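Q: I'd like a close look at one single part of this protein, the place where the metal sits. Could you walk me through that spot and then show how it fits into the rest?

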Amino acid sequence: MQISGIHHITAIAGNPQQNVDFYTAVLGLRMVKLTVNFDDPGTYHLYYGNEVGHPGTVLTFFPFRDAPKGRRGTGQATTIAFSIPEGAMGYWIDHFKGHNVPFENPEARFDEEALVFYDPDGLKLELVAYADDDRLPWEGGPVPPERAILGFYSVALSEEGYERTAALLTETLGFRATQEHGDRYRYEAGAGGPGAVVDVLCHPTEIASRVAVGTVHHVAWRTPDDDAQAAWRKTIAALGYNVTPVMDRQYFHSIYFREPGGVLFEIATDPPGFTKDETVAELGSGLKLPPWLEPRRDLIAQALPPLWLPGEGSQ
Ligand code: ZN
């Protein structure tokens, strides 16, 4: 049994409009679902990805206006890296300059080049140029398809010590150690490469993180179906982790547990996906609610802040 890669990553944002504008109009991702936090329906849950929101491309946000800023630190996923085509780095540097996006000089890492940048809430992101990513980008955004983001490249976890997290990844979840340099230990899942890479950063002197605006809430790993997920649940519970029951997230089914360093992990099923309640053409075009919240649609919609979607009127 092996995890095959990153399913989605969820972070906390501040202003929802600012978040939509940045991820669609600047980064060129598609909004693949507009819904609410099922555990807190007064808050949006915004999903961005490629055309259909394929696992490994999906970044999601809970936006809380006026919530406090979080703090990057240990026990947290501290960097989300997107994959871009080889040769696209220059385009993105110009693009960030044109949109006043803060970024740092590209740095060489292993056999790749990484460009660190920050979203409007200070969430730390990266672009990694990679030659052999054959995934297809969303072509409806403002970025030319031959330069566009193809999905996740990797996620980096900051840990006070890396050994127990490494052991969970390699001995239980099926990752393999592939490279290390300095304080960075790289693991890859399944076929490896973009969307299947996790870097564990050993940062014993770093301060502990605080999850709030501008930080990652959890990282979800892919599993093919409900049976495999049930098997994961058994395995993880048997190791003594406090793993949740299976939650119906409408577009996937989820279990959650905290890895030894404190990062919240989720294991999510690939099916049914975002076309469960919208066609591919319709994805993200209106507020979708799960059946159990649908009877309260009017109340929920009235309490949410207005939101202008790309190329559309107000939600
Ligand atoms: Zn999740």
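A: Here is a walk through the metal site, followed by the protein around it.

Quick heads-up: this is a predicted model, where local features need pLDDT of at least 70, side-chain atom pairs count only at pLDDT 80 or more, and totals for chains, interfaces and linings use all residues. Residues are numbered from 1 along each chain as its sequence is written, and side-chain values use heavy atoms, with hydrogens and water left out.

Okay, the zinc ion: its protein donors are His8 (NE2), His218 (NE2) and Glu266 (OE), lying 2.0 Å from it. Donors here are N, O and S atoms within 2.8 Å of the metal (3.2 Å for Na, K and Ca), and since water is not among the atoms, sites may look incomplete. Along the chain, the donors follow the spacing H-x209-H-x47-E. Histidine 8 sits in strand β1 (residues 6-13) and histidine 218 in strand β13 (residues 216-223), so the pair ties together parts 210 residues apart in sequence. Strands (E, at least two residues) and helices (H or I, at least four) are DSSP runs, numbered from the N terminus.

Both histidines are tucked away: histidine 8 counts as buried at 2% relative accessibility, and histidine 218 is buried with a relative accessible area of 4%. Buried means under 20% relative accessible area, exposed over 50%, and partly exposed in between (1.4 Å probe, protein chains only).

Now zoom out. The protein has five helices and 16 strands, and 56% of its 315 residues count as buried. Its C-alpha atoms fill a box of roughly 50 × 45 × 35 Å, taken along the principal axes.
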